[in-house]
Structure formats: C-alpha cells, structure tokens
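Let's take a walk through this structure together, one stop at a time. Keep the sequence beside you as you go.

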Amino acid sequence: MSWICTACGTAYAAAGAPPTGCPVCEDERQYVPAAGQSWTTPAKLAAGHRNAWQQAAPGLLTLQTVPAFAINQRAFLLRTPAGNILWDCIALLDEATLALVRGLGGLHGIAISHPHYYTTMQDWAAAFGCPVHLHAADRDWVMQPSPALRFWEGDRLEALPGVVLHRIGGHFPGGSVLHWGDTLLTGDIVQVAPGGRRVSFMWSYPNMMPLPAGEIRAVAARLAPLQYRRILGAFQGQEVAEDAPGVVARSAARYVELLG
Ligand SMILES: [Zn+2]
Ligand SMILES: [Zn+2]
C-alpha cells in the first residue's frame, strides 16, 4: 500500500506509516497546506473519487478525477496508429480506469510535463507494462524508483511517430511539452490564462513567483520553431483555440516588458 500526498498527489513507497513530509510540497513551487500534510491510500482515494472522461478532439481524450483531488490537473490519452500515449498523470488509477484504458488498447508509453504530475506514474506503468518518459533534468524529484522510468536528455524526444516531446524549461528545468499534429499539450509549462487569449509561465503558480526575463526569453525561443495551432493546458477548459504561437509570442513579450 503506497501513501499519496493529498496536496500534490505524489505517491510514496509502501510503509507502515506515512512519510514525515512531502518534498514536492515543501519546495517553493508547491506548498504545505495550513493544516499540515495529509495522506491517503489508493483504496481510500478510489472509494471517494472517480475519473471523468471527455473528448478534446478525435483521438484525444482527457481524464480528470472528480471530485477534485490534489492539484486537479487533467491527463490526456492520445490515440495514435502506433499506440496510445498518456500525457501527464493523475493519482487515481481505479478499476474502471484500468478497464477503460485496456479496452482502448492499453498504453504504449507515458510522458509527463514536470514533477507536479508524476503522481502515481509508477503504478500506471506497472499496470500497463509501459515506459514513463521523464526529462533527466528533473530526476531528483522522483520519489519512488521504478524500472519503467526512462530519463531522456537534450531538447527533443520522439516518444512515438508524430508524438514529440520538447524540453522548454521555465517552471522546471526539464519542463516539457508534447507536440502532436496541430496541438501542443503544455501541462504547467505554458499556462493558459482565462479567456484563452493569453498564456503565462511561472516559477511557482501557488506562490505567484515569476520567472526571470532571461528565462522567459529562452522559453519563448524554444517554442518559436514549433508548428502548431492550439494549446491545451493542464486544467479543464484551458485552451488557446487559434493562433496559439502568436498568443505565446505576445504573452512572453509583454511579460518581459512588465518585468523590465
Ligand atoms: Zn505533496
Ligand atoms: Zn507545476
């Protein structure tokens, strides 16, 4: 039985008692709740929650835990001719989710934007017998070892034909986005603002701490060569539906201007 942090969803190795703290929450990019760190187990989480599915586009499904749990991000299931990829991860892997994903053909691989969404990736990888692609720059944030973890280096990894991970940095040094067709899936690395006409890039979202201007310029430069039309972010409803590269460029330029 593993322990899952209820504030961030990170799973820790089975032990008689929960961990004394959650390093992911203690980092300044997250937070320890005022009432202190609390813990659940996969069975308790499954007893009070379920995963809700939506179709973002043909071949692109989202799944999100309801009622909301921990950071409340969504994961994406990409259905490609070469197999399915799970983009980002959520803590709840219940029997229904297992059955549904198996019914869709299982997983060929899992790719995750940054450590806040590592959650129970080790359990998902074991259940579906697939690798997890993580950027090596963030490997110190892995809280449980697993033979399924594959640490990639550099700025680009083709996880499956046509499914390309790009290291963008910013929020985390290994912060990555997934490029598939006309769509960029960005997790927290490019955060879609309300209205879908602006994006932002933060060192810490809960603590509202910005990134330095030089890092914003670097993030924008790494995104500039990519050919895409829209962005889907980490949270339900987050979408830049049209001219996403223009939105990214204008948002980054204005951010640097405000910092200056
Ligand atoms: Zn935590
Ligand atoms: Zn994050």
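Cys22 has a relative accessibility of 0%, so this cysteine counts as buried. In this predicted model, Cys5 is likewise buried, at 0% relative accessibility, and Cys25 is buried as well as Cys22. What do the sulfur atoms of Cys5, Cys8, Cys22 and Cys25 surround? They are the protein donors of the zinc ion (ligand 1), each SG lying 2.3 Å from the metal. The angles among these 4 donor atoms run from 102 to 118°, and therefore the arrangement is tetrahedral. Read along the sequence, the spacing of the donors is C-x2-C-x13-C-x2-C. With cysteines gathered around a metal, it is natural to ask about disulfides too. A disulfide is a covalent bond between the sulfur atoms of two cysteines. How many disulfides does a search of the whole structure find? The count is 0.

Now please move on to the second metal site. The zinc ion (ligand 2) has as its protein donors His114 through NE2, His116 through ND1, His171 through NE2 and Asp188 through OD. These donors lie 2.1 to 2.2 Å from the zinc ion (ligand 2), and their spacing in sequence is H-x1-H-x54-H-x16-D. Is the arrangement around this zinc ion regular or irregular? The angles among its 4 donor atoms range from 94 to 142°, and the site is irregular. A tetrahedral site needs all angles between 85 and 135 degrees, which is why a range reaching 142° does not qualify. Of the donors, His114 is buried with a relative accessible area of 0%, and His116 counts as buried at 3%.

For the wider setting, an unreviewed UniProt entry carries the annotation "domain: Metallo-beta-lactamase" over residues 72-235. Over residues 72-235, the chain is 17% helix and 32% strand. The C-alpha atoms at the two ends of that stretch are 7 Å apart.

Let's look at some helices next. Helix H3 spans residues 95-103, and its buried residues are Thr97, Leu98 and Val101. Looking down the axis of H3, you will see these buried residues fall within an arc of 100°, so they line one face of the helix. An α-helix has 3.6 residues a turn, so residues three or four places apart point the same way. On the other side of H3 you will find Glu95 and Gly103, both exposed. Which elements do the buried residues of H3 pack against? Their partners are strand E4 (50-57), strand E5 (60-66) and helix H4 (121-128). After H3 comes Gly105, with a positive phi near 110°.

Helix H4 holds Trp124, which is buried with a relative accessible area of 0%. Leaving aside neighbours within four places in sequence, the contacts of Trp124 include Leu63, Leu86, Cys89, Ile90 and Thr97. Thr97 is also one of the buried residues of H3. Leu107 is another contact of Trp124; the two residues are 17 apart along the chain, with their C-alpha atoms separated by 9.1 Å.

Leu149 makes a good companion stop. This residue sits in strand E10 (residues 149-152) and is buried, with a relative accessible area of 11%. Beyond residues up to four places away in sequence, Leu149 touches Met121, Val132, Leu134, Val142 and Gln144.

Farther along the chain, helix H5 covers residues 213-223, and Ile216, Val219 and Leu223 are buried in it. Down the axis of H5, its buried residues fall within an arc of 60°, so they too line one face of the helix. Those buried residues pack against strand E13 (176-180), strand E14 (183-185) and helix H6 (244-259).

Finally, some backbone details are worth checking. The peptide bond from Val66 to Pro67 is cis, with omega near -15°, and Pro67 lies in the loop between E5 and strand E6 (75-80). Asn72 is in the loop between E5 and E6 as well; although not a glycine, Asn72 has a positive phi of about 75°. Its relative accessibility of 25% makes Asn72 partly exposed. Asp243, in the loop between strand E20 (239-240) and H6, also has a positive phi, near 50°. Asp243 is partly exposed, with a relative accessible area of 41%.

How values were computed. Residues are numbered from 1 along each chain as its sequence is written. Chains are lettered from A and ligands numbered from 1 in the order in which they are written. This is a predicted model: local features need pLDDT of at least 70, side-chain atom pairs count only at pLDDT 80 or more; totals for chains, interfaces and linings use all residues. Side-chain values use heavy atoms; hydrogens and water are left out. UniProt positions are given in the numbering used here, feature names are shortened, and annotations may be inferred rather than shown by experiment. Helices (H or I, at least four residues) and strands (E, at least two) are DSSP runs, numbered from the N terminus. Buried means under 20% relative accessible area, exposed over 50%, partly exposed in between (1.4 Å probe, protein chains only). The arc is that of the directions from the helix axis to the C-beta atoms. Contact means heavy atoms within 4.5 Å. Donors are N, O and S atoms within 2.8 Å of the metal (3.2 Å for Na, K and Ca); water is not among the atoms, so sites may look incomplete. Four donors count as tetrahedral if all angles lie between 85 and 135 degrees; four count as square planar and six as octahedral if opposite donors are over 155 degrees apart and all others between 65 and 115; anything else is irregular. A disulfide is a pair of cysteine sulfur atoms within 2.5 Å.
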